[in-house]
Amino acid sequence: MISRAVWRLSALAAAALTATVVFNERSAPDQHEHQAFSQLLDDTRALDQDMARHALEARFQLVSNYDQLTKDDLDVRAIHDGSPVEVPTFVRAGERRAIAQALSRYAALARERQRLLEDFKSKNALLKNSISYFPSLAAGASKQTRDPVLVAHINELRALTLNVALRSGPQLLLAQSQEISALSGQAAAHEDDKARHGIELTLAHARTIAASKADTDGVLTRILELPIGAAREDAQRLYSKAYARAATEARYCGLFVAAMAFALLGLVTHIGLRLRRAAIELGKSNE
Amino acid sequence: MQLQEAYSMLARRVSRAVLAALLALGCGEGAAAAPAALAPPRSDAPVELGPIAPLEAAKHLDPARLELGRQLFADVRLSGNGKLACATCHDLGHGGVDGRPHSLGVGGEPLAVNTPSVFNASLNFRQFWDGRALTLEAQIDGPLLNPAEMGSSWPRVLDTLGQDRELAARFARSYPQGLTPANVKNALATFERSLVTPNAPFDRYLSGDSGALSADARHGYELFTTYGCSSCHQGRGVGGNMFQKLGIMADYFAARGNETAADLGRFNVTHDEADRHVFKVPSLRNVALTAPYLHDGSVPTLPDAVRAMARFQLGRDLSDGDVHALVAFLESLTGTYAVPR
C-alpha cells in the first residue's frame, strides 16, 4: 500500500528535521546573550575613551579633582570583575578561547593602565602642587631679599619656570636649569637665613616643576599609547566574526528546516492520500 | 548585518516552533539557553569639577541589610576573644576612631598604624593606609582575621553568629544564602556605606550659603588651594582618591626616627621601590574629630598636623595665622551623619 521507501524517507526527513532544530537551538545566536555581550564591549569602549579624556582633563587642569578617574576605575571594576556577562553560549570552543585570550590581554592592559593612572595622579598632584605654590613662593622670596641681582634672578627663574609648566622644549629646560644653577650659587652666599631659605624653597619647587612635568607627561603618554584599544578591538572583531558565523549557520539551518518541513509535509500528504485511496478501495471491495 | 540578524532570528523562531511541536509530541527535552544577565549599571556617584565637591547622603541601601550591618558593627562576637567589635576602634560617637595613636588589638597590644575613620570610608578609592583592599567588603578580612587585631576566623564567626537564631533568621530573610562570610561582609559594608557625613559648613558654602563659613575658614580655604594642599586633598572626600609619598620636600621618617615596617606604606603591597613611604591620601572630612594624625598617629593635634604637612609636603614653615586659618577651614569639613531613609 505505502512503500517502505516512503516510510523510510519520512523517518529520515523527521530525523533530519529534529537534528537540525536541536543543532540550531544550541548554536544559533541568542539575542539576549548577544545584546548583553555587545553592551559589555560597547561600555568598555566608552570607558576607555572616558578614561583617556579624564586623564587629559586632569593633566591640563580642566578638572581639579580625581573623582571622575576614581569613578572610571569603579566602573571598569564593575564591568570586568563583578559582571555575570560571559562570552555567549553560541560561540564555539575555539572561537571562545580566542575571544577569552583577547579579553585577557585587554584585562592585563587595563590593570597596567590603572597602575599607570595611579602613578599619574600622584605625579600630577606634585606638579599641580608646585605650580600653584611656586608663584607666591617666588614673590615671597623676592620680597625677602634686597639684593637687586638676586631679585632679577628670582624673577627670571619665575618666568622660565612658569613657561616650563606651560610649554616644553629642551632649550627652555636648559635655560631654566642654568637659571637654577645661577640662583643656587647666589643664594648659597646669602647671609640672611630666612631669605636664603625662601630662595632654596623656590629653587626646590622650580626643580619639582621641571621634573614632575617630564614625569607626568611621560606617564600620560604611556597611558595613551597602551595598545588597549587594539586588544579590545581584537576581542570585538573575533566576537563579530563568531556572531556572523553563527548567524550564517542559523540562516542555513532555517532554510534546511523549512525544506525538511516541506518535504515532511509532502510525504505526510502523500501518505494521507495513499491511505485515503486505500480506504476507498477497501470500501469498494467490501461493497 | 541587520538583514542577517533578522534572518537568523526568523530561522530561530521557525526552529523553536518546530522544536516546541516536537517536544509537545514527546520527542525529548530542549536545551534552552539561559539569558545572560546584563552588565551592571555604571556607578552613579555625582562628580564635580571643583577641587572639593559637596557630599550627599548615602542612597539606595537595603534597609534590612543595613540594620544587620549596624548590629554586626557593634557585635563583639566577631572577635576571637569576644571582647572587641568594629565599633571598639571605630567609635561612631568619636568621629569613627578611638582617639588613640594606635588602637589595641585582642591581645592588648598596639596595632601597627593609626585607625582611620570609618566615616566616609565608602568614598575611598582603596581601603587601608597602604590601599591593599579594593573594596569595603575586601577590607573586612583585614582586621577580622588578623591575629593581632580581632583575631577571629570565618568558621568561628559563622558558628558563633549561627547560634543566634534570631540573627540567622534575619540573614535568611535578607540573603538567599543566609549566613555566609560574603553576606556578613556585605551587611557590614552596607552599613559602612551609610556612614557618610554630608551637610558640613563647607558643603553648605559650596552650595551657595556664603554665611556658612567664617572669614577665617574662607581664608583657610584660599590658603588650602594656594599652597597646593588641594592637589592631593580634593574630590568629595577631600582626599581618599589617590596615593602620595609622605615626605616630598623633607624626610619625615628621618625626622621622626624609629622607622617601622608599616612606614613603608604602599611598598608593602607592591614591593616597588617607587612606592616606599607612599600612602593613601586620607580624607579630611571630619578631620577635626579624628586626632591623633598621620598613619603613625604621632601628631596629637590638628594645628600640629597642618604644620607637619606644610613642612614635609610643601617644605614650608607656616605662620601661626596661616595655621589658624587652615584649621578653621578644616573644622568646617565636619559633617553630620544622617541615617539613610
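A charge sits over a ring if NZ of Lys or CZ of Arg is within 6 Å of the ring centre and within 35 degrees of the ring normal. With that in mind, welcome to a tour of a predicted model.

Start in chain B by selecting Arg276(B) and Phe267(B). The charged end of Arg276(B) is placed over the ring of Phe267(B), 4.7 Å from the ring's centre. For another example, switch to chain A and pick Arg251(A) with Tyr252(A): here Arg251(A) lies over the face of the tyrosine, 5.2 Å from the ring centre.

Now turn to rings that meet rings. Across all chains there are 17 aromatic pairs. Show Phe90(A) and Tyr243(A): their ring centres are 5.9 Å apart and their planes stand at 65 degrees, so this pair is edge-to-face. Trace the backbone and you will find that the two partners come from distant parts of the chain, 153 residues apart. Phe90(A) belongs to the loop between α3 (67-80) and α4 (93-144), while Tyr243(A) is in helix α8 (residues 228-286). Both Phe90(A) and Tyr243(A) are buried.

Keep Tyr243(A) selected and add Tyr239(A). These rings have centres 6.4 Å apart and planes at 35 degrees, so the pair is tilted. Both tyrosines lie in helix α8 of chain A, four residues apart, or about one turn of the helix. Colour by accessibility next: Tyr239(A) is buried at 2% relative accessibility, and Tyr243(A) is buried with a relative accessible area of 1%.

For the last stop, go back to chain B and select Phe202(B), Tyr205(B), Tyr221(B), Phe224(B) and Phe329(B), which together form one aromatic cluster.

How values were computed:
Residues numbered from 1 in each chain as written. Chains lettered and ligands numbered in written order. Predicted model: local features only at pLDDT ≥ 70, side-chain atom pairs only at ≥ 80, totals over all residues. Heavy atoms only, no water. Phe/Tyr/Trp six-rings, centres within 6.5 Å; stacked < 30°, edge-to-face > 60°. Helix = DSSP H or I, 4+ residues; strand = E, 2+ residues; numbered from the N terminus. Buried < 20%, exposed > 50% of the residue type's maximum accessible area, 1.4 Å probe, protein only.
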